[in-house]
Amino acid sequence: MNTKTETLYNKLISLLFIGMLFGLTLINVFWPFQEFSTSENRFLAKMPVFSWNNLLEGHFTSDFETFLTDQFPLREVWVSVKSNAERFMQKKENNGVYFAKGQTLIERFDAPNVQQSMKNLQSIQEFMERTTLPVHVGWIPTAAEIQKENLPTFASPYSQSNYVETLLQTEPSHAAFLSTELWQGLQNHSEEPLYFATDHHWTMLGAFRFYETLMSYFGVEALDIADFQREIVSENFYGTLDAKAGGDYARADQIERWDVMGDSTPPLFEVSIPDSQHEGTSFYFPHRLEEKDQYTYYLDGNHAVTILRNLNLPQGRRLLLIKDSFAHALAPFLVNHFSEVHMLDLRYYNKEVDDYLVDHKIDEVLVLYSTRQFATDPYLFKLGN
């Protein structure tokens, strides 16, 4: 190829590349705005508000880049293409999700946000100083900690055990803060399907293994696994990690329903969800199995307040559970030992928590978050002064 032909070729390639960039940008401008991604179960970034201050501090450009990424045309198709390409090149992860053993996906746990973690601990401490009620604080590990044996070779997520131990050492010693010994039930049964293959949550079996250890901390005898009737209600659940990693690597998950088996009359429960005006007798919402996020089958997903009542234990203690969504599979086990379990999601609850304690005659409080959520959660400040 002579110099003149080579120059013309390079110009054509450059023009083609510029044209593609311009075309994609133009499409992106006119592409319909998506507020929520059902496949990823999260809200997508909105167009950032411009100001000279935000521009000079670098916030606008960073937020605009996130906006373009979230709102990119046919984004889910491109994520799938990228995922398959990563696996073809023998890469071990995509988008922060490991391609783990047994056709499972495990979300990577990176070094946590120390500043946010300390803020959250301070808010909890302030809450504990204001109330005379017993307060317990615990953390739930993710699959990256409990099922390390399933991680691909050379995968090295940040230790969640070290993270929690650091939190416990940072704050003044307090019996209310539960150590990683609470994870013993999960660790002893790590070979079981404790977490979904395609979602970041645990299964009901995982929640049960945690519940066994938690009840020993409360000094209460947990129900035996043989006390429950288990039923598979779905075999086609693909969760948030599948959407995040893309491709077709992971196998479909099962959704299980667990019901207590009584000797005669089974225990009776009530479930109240004030913001949707729901009043029912089941922890499970079958219509949610028709949706993308089937994990919302448990207690209808995220709500500001959810109340579980045990009608067989009317004189029992009332527990306030301040939580993230891992609690949705756990609470149906807890309510067997309390007259009421009140669940507050601080992402949506905007009233005074102290007033809630009084109004609902709460006896004790459990603050329980997954390690990943606790490290990034910006709403725990609502517990502070």
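**Helix packing and sheet arrangement in the predicted model**

Helix α5 passes helix α7 in a right-handed crossing. The contact between the two helices is formed by Ser117, Met118 and Leu121 on the side of α5, and by Tyr163, Leu167 and Thr170 on the side of α7. Classified by residue type, this contact of α5 with α7 comprises four nonpolar and two polar residues, with no charged residue taking part. Two packed helices are described by the angle between their axes and the distance between the axes. For α5, which spans residues 114-130, and α7, which spans residues 160-170, the angle is about 50 degrees and the axes lie 11 Å apart. Because an angle of this value is neither under 35 degrees nor within 65 to 115 degrees nor over 145 degrees, α5 is classed as oblique to α7. All of these values are computed from a predicted model.

The chain as a whole contains 13 helices and 14 strands. Of its 385 residues, 47% count as buried. Among the contacts in the chain with a separation of 6 or more, 70% are accounted for by residues that stand 24 or more positions apart.

Seven of the strands form an open sheet with mixed pairing, in the order β6-β14-β12-β13-β11-β9-β10. The edges of this sheet are occupied by β6 (135-140) and β10 (278-280), each of which pairs on one side only. From one strand to the next, the twist averages 15 degrees. At the β6 edge, β6 and strand β14 (residues 364-370) run parallel and are joined by six bridges, and within this pairing His136 has Leu366 of β14 as its bridge partner. Helix α5, already described through its crossing with α7, also lies across β6 and β14, where it runs at about 160 degrees to β6.

Leu366, which lies in strand β14, illustrates the environment of this part of the sheet. Its relative accessibility is 0%, and Leu366 therefore counts as buried, the cut-off being under 20%. When neighbours within four places in sequence are left aside, the contacts of Leu366 are with His136, Leu214, Leu319, Leu320, Leu321 and Ile322; His136 in this list is also the residue to which Leu366 is bridged. In addition, the C-alpha atoms of Leu366 and Gly138 are separated by 7.7 Å, although the two residues are 228 residues apart along the chain.

Elsewhere in the seven-stranded sheet, strand β11 (residues 305-310) is mostly covered, with five of its six residues buried. Strand β11 pairs in the antiparallel sense with strand β9 (residues 269-273) over four bridges, and in this pairing Ser272 stands opposite Ile307 of β11. Strand β11 also pairs in the antiparallel sense with strand β13 (residues 340-344), here over five bridges, and Leu308 has Val341 of β13 as its bridge partner. In a regular strand the side chains alternate between the two faces of the sheet.

A further open sheet consists of three strands in the order β3-β4-β5, with antiparallel pairing. Its edge strands are β3 (93-94) and β5 (104-107), each pairing on one side only. Strand β4 (residues 97-100) and β5 run antiparallel and are joined by four bridges, with Tyr98 having Ile106 of β5 as its bridge partner.

Beyond the sheets, burial was also examined in a helix and in a loop. Helix α11 (residues 327-334) is mostly covered, eight of its eight residues being buried. The buried residues of α11 are Ala327, His328, Ala329, Leu330, Ala331, Pro332, Phe333 and Leu334. Ser190, in turn, is found in the loop between α8 (184-188) and α9 (204-217). With a relative accessibility of 16%, Ser190 counts as buried, because this value falls under the cut-off of 20%. Apart from its neighbours within four places in sequence, Ser190 is in contact with Ile146, Gln147 and Glu149.

Key. Residues are numbered from 1 along each chain as its sequence is written. This is a predicted model: local features need pLDDT of at least 70, side-chain atom pairs count only at pLDDT 80 or more; totals for chains, interfaces and linings use all residues. Side-chain values use heavy atoms; hydrogens and water are left out. Buried means under 20% relative accessible area, exposed over 50%, partly exposed in between (1.4 Å probe, protein chains only). Contact means heavy atoms within 4.5 Å. Axes are lines fitted to C-alpha atoms, for helices over the stretch in contact, and angles run from 0 to 180 degrees between N-to-C directions. A crossing is left-handed if the near helix is turned anticlockwise from the far one by less than a right angle, and right-handed if clockwise. Ala, Val, Leu, Ile, Met, Phe, Trp, Tyr, Cys and Pro count as nonpolar, Asp, Glu, Lys and Arg as charged, and the others, Gly among them, as polar. Two strands pair if DSSP finds at least two bridges between them.
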